[in-house]
Amino acid sequence: MHLSRNLYKISNKFKINSVHNTRAISASTEPPATKFEEIIEIPKRIHRSPTDILYALAATVGRDPTAAHYKYHDDPYLIPTSNITKRTYAMAQEAGRKAAKWIKEEHRDLFKHQEAEPHIKAFAPKLIFTENSEPELQTLEELIQLFEVKDAVFVYNLMKKKGVEITSETKQNLLELVSFYNNEEPLSEDLYEERSFRQSNETRERNRKTWKDGDLAEQLFHEIEPKTEKAYAALIRGMAKYFQAERAYALLQEALEKQFSVDTTTFNSVLSVVNFLKDTADLRWELCKDLLHQMNRLQLKPDLGTLNALLECISSFGNFKLARQSALQVLSEFKRLGVTPNLGSYYYLLIIFCRERGPVSHVIVDILNELGQQEFKIQHPKDTYFFATAMDVCRNHLHDRSLAQKVDKLLHTGKNYDLIGNTYQETIYYRHYFALLSQTSTIDEFMQTYDLLVPNVYIPEPGIMEEILKMVEINAAIDLLPRLWSDVVIFDHVNRENLLLRILKIMINNKPDINEHNQKQLPQQFAKIALDIYNKVEESKRLSFTGEMLGDIICLLTRGENFEKATEVFNHIDKNQHSIPGTPSEHCLKEYIETCIINKVPSEALVCLQYAIENQMDGTSLAKRMHKGFTLNEVHLSKMKSLLGKDFFKE
């Protein structure tokens with residue numbers, strides 16, 4: 001059928017070997033054409049997965065950085081605009097999924113209908129096992145295949161209690177399941193966000209042993225008779241995964257003494273926890289070499305897992321010289337064995353060579369040259385750590401923008417973006433990228449990246465927002481302040497006092513030139529920002545006013561011709577001057593008095609003069625400006641005499 005549909009394209013799709021073409025028109029002098037003959041070679045069938053068509057369609061569209069992540073609802077009110085809401089919305093969606101599963105389990109009588117043909121097990125409620133159940137061996141095997149740890153353990157104990165015979169093969173399968181999950185129920189694959197947050201917590205506790213000593217895994221191991229290579233391998237790998245390093249190493253030596261053929265993966269698991277077995281770098285390296293010699297005696301060929309396990313151990317060496325020398329030796333040896341490093345291997349190399357207190361290393365240049373513009377697939381759990389670590393090296397170790405752009409280009413090659421890791425690792429990557437660009441790029445180049453990625457891909461943290469404001473201040477790009485202030489509000493950074501003070505200082509120190517077209521509206525916009533800050537601080541329970549902050553707000557309001565609000569703010573500081581630390585600068589008070597003169601309100605100017613004198617400021621210059629700018633009546637002159645003395649008028 002496929003051949004008949006594409007027959008008209010046969011010359012393009014298939015290889016055709018023509019001896020002579022009888023349809024060709026030849027000259028009368030040429031001999032007559034011989035018989036027409038075609039040989040069609042049908043290509044081999046290419047296996048396609050069920051989702052290949054979706055990947056093909058997605059490739060025609062590409063990634064849209066201006067759109068929110070697909071896990072959020074495409075609704076302006078439901079698209080997160082801060083890192084907190086990103087996590088909250090994602091977790092809320094998964095909480096709804098968990099609630100639906102709970103309802104399905106608690107009210108299983110409502111889900112007895114089976115409309116799907118064939119039956120879809122995932123839509124049906126789970127079986128409930130009680131002490132009165134009559135389990136069979138097939139039931140236990142099915143639970144093991146479905147990774148239902150809790151139910152599998154319960155059924156196993158129930159079968160033992162009722163005397164049901166369990167084969168050694170089933171015990172081995174259960175041992176592998178329990179060892180892998182440490183006898184804990186695994187989190188559902190649907191709960192991606194919860195799993196990623198749980199993994200980040202586990203990473204913080206990575207040095208803590210979590211293996212359950214004397215639990216079901218060890219009981220199953222002792223029950224399996226005679227002992228097999230698979231039984232030893234399952235228990236050793238489980239202990240190594242949950243950092244019961246000493247017993248995992250002892251079991252490995254016991255298996256070797258009993259002449260069991262331990263496989264490469266089991267050796268790799270023990271190599272990955274060598275740093276828990278020995279304290280010093282020299283002893284760790286010697287133990288690694290002993291294990292490699294044992295593998296050699298068993299004629300086991302090291303693989304990528306062996307390389308990464310060795311590099312992980314070397315990365316824990318405190319001796320930089322030994323670590324660097326050992327890493328180069330390992331890379332050379334594995335290259336000779338034909339083992340190609342992956343992104344996880346290069347992640348460990350970056351940790352080894354680019355240490356915070358070590359000498360500067362440009363190993364990342366060689367790594368990027370080696371990687372080129374390849375497209376990668378996940379081969380090791382640490383593959384997802386490479387891009388964030390590489391960007392960290394570009395920012396903090398080398399401070400090199402061109403290298404950072406190479407890393408970013410590699411990340412966006414093919415499907416490499418799938419290897420950036422979870423949401424937290426993605427945030428770390430862009431945090432380093434934005435910080436580096438803000439320090440090394442022009443303001444126009446940086447804003448192009450900012451417009452592309454903010455806020456749907458990345459939301460700058462307060463620290464990065466401060467770096468951006470520093471860049472704006474250095475480049476005097478004050479026309480960007482209204483937009484950046486809007487982003488600060490949207491990103492929920494208004495409770496960061498350092499950001500508010502920096503924004504105020506930038507607006508105070510960079511007075512807009514109203515003669516320039518792009519700055520004509522800035523005084524009014526700055527006044528609006530200042531008033532917004534005043535209201536935010538007044539409503540906040542975490543922030544408090546300072547005299548300097550209020551002085552800057554008054555100054556900006558007067559420049560924006562909002563004298564009414566400026567007077568309101570000044571009255572606030574005047575009434576609460578004993579509880580507000582600090583005072584406004586004299587420059588701000590002078591600008592306020594100038595505005596009082598323009599608006600012809602000498603009474604407000606006298607209040608300002610009194611405040612200045614009460615706070616040990618030089619009131620003479622302010623009084624001279626008032627005397628010159630106002631036509632003062634007797635009441636005003638009497639007030640000034642009481643504040644400055646009669647000698648002021650003699651001068």
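This is a short dialogue about a predicted model of a protein chain.

Trainee: What makes up the secondary structure of the protein chain?

Mentor: The chain has 33 helices and two strands.

Trainee: How do you know whether the protein chain is a compact globule or not?

Mentor: Set the radius of gyration against the rule. A compact globule of 651 residues would have a value near 26 Å. The protein chain has 37 Å. The chain does not match the compact globule value. Its C-alpha trace spans about 115 × 95 × 65 Å along the principal axes.

Trainee: How many of the residues are buried?

Mentor: Buried residues make up 42% of the 651 residues. To be counted, a residue must have under 20% relative accessible area.

Trainee: What share of the contacts joins residues 24 or more positions apart?

Mentor: Such pairs account for 68% of the contacts with a separation of 6 or more.

Trainee: Which domains does the assignment give?

Mentor: Domain 1 covers 71-125, and domain 2 covers 585-650. Their C-alpha centres lie 68 Å apart.

Trainee: Now the helices. How do the axes of α26 and α27 lie?

Mentor: Helix α26 holds residues 522-539, and helix α27 holds residues 547-559. Their axes come within 8 Å and cross at roughly 145°. The crossing of α26 with α27 is left-handed.

Trainee: What makes up the contact of α26 with α27, by class?

Mentor: The contact has 13 nonpolar residues, no polar ones and one charged residue. From α26, the contact residues include Phe-526, Leu-531 and Val-537. From α27, they include Met-549, Ile-553 and Arg-559. Arg counts as charged, so Arg-559 belongs to that class.

Trainee: And which classes are found where α27 meets α29?

Mentor: First the geometry. Helix α29 runs over residues 586-598, and its axis comes within 9 Å of the axis of α27. The two cross at roughly 35°, and the crossing is left-handed. The contact residues divide into four nonpolar, four polar and three charged. In α27 they include Gly-551, Asp-552 and Cys-555. In α29 they include His-587, Glu-591 and Tyr-592.

Trainee: Why is Asp-552 called buried?

Mentor: Buried means under 20% relative accessible area. Asp-552 has 4% relative accessibility, so Asp-552 counts as buried. Its place is in helix α27.

Trainee: What does Asp-552 touch, leaving out residues up to four places away in sequence?

Mentor: Asp-552 touches Leu-504, Lys-505, Ile-508 and Cys-588. Leu-216 is another matter: the C-alpha atoms of Asp-552 and Leu-216 are separated by 68 Å. Along the chain, those two are 336 residues apart.

Trainee: Where does Leu-300 lie, and what does Leu-300 touch?

Mentor: Leu-300 lies in the loop between α14 (281-297) and α15 (304-314). Not counting residues up to four places away in sequence, Leu-300 touches Val-262, Asp-263, Thr-264, Phe-267 and Met-295. Take Val-262: 38 residues separate Leu-300 from Val-262 in sequence, and 8.9 Å separate their C-alpha atoms.

Trainee: What is the phi of Phe-147?

Mentor: Phe-147 has a positive phi of about 60°, although it is not a glycine. Most residues other than glycine have a negative phi. Phe-147 lies in the loop between α5 (137-145) and α6 (149-161).

Trainee: Why is Phe-147 called partly exposed?

Mentor: Partly exposed lies between the cut-offs of 20% and 50%. Phe-147 has 46% relative accessibility, so Phe-147 counts as partly exposed.

Trainee: And why is Phe-243 put in a class with a relative accessible area of 24%?

Mentor: Use the cut-offs of 20% and 50% again. With 24%, Phe-243 is partly exposed. Phe-243 has a positive phi of about 65° and is not a glycine. It is found in the loop between α10 and α11 (245-257).

Trainee: Which peptide bond before Pro-226 is it, cis or trans?

Mentor: The bond from Glu-225 to Pro-226 is cis, with omega near -5°. Pro-226 has its place in the loop between α9 (216-223) and α10 (229-241).

Trainee: And the bond from Val-454 to Pro-455, cis or trans?

Mentor: That bond is cis, with omega near 5°. Pro-455 lies in the loop between α22 (443-453) and α23 (462-475). Most peptide bonds are trans.

Terms used:
Residues are numbered from 1 along each chain as its sequence is written. This is a predicted model: local features need pLDDT of at least 70, side-chain atom pairs count only at pLDDT 80 or more; totals for chains, interfaces and linings use all residues. Side-chain values use heavy atoms; hydrogens and water are left out. Domain bounds come from an automatic or database domain assignment. Axes are lines fitted to C-alpha atoms, for helices over the stretch in contact, and angles run from 0 to 180 degrees between N-to-C directions. Helices (H or I, at least four residues) and strands (E, at least two) are DSSP runs, numbered from the N terminus. A crossing is left-handed if the near helix is turned anticlockwise from the far one by less than a right angle, and right-handed if clockwise. Contact means heavy atoms within 4.5 Å. The radius of gyration is taken over C-alpha atoms; the globule rule is 2.2 Å times the number of residues to the power 0.38. Buried means under 20% relative accessible area, exposed over 50%, partly exposed in between (1.4 Å probe, protein chains only).
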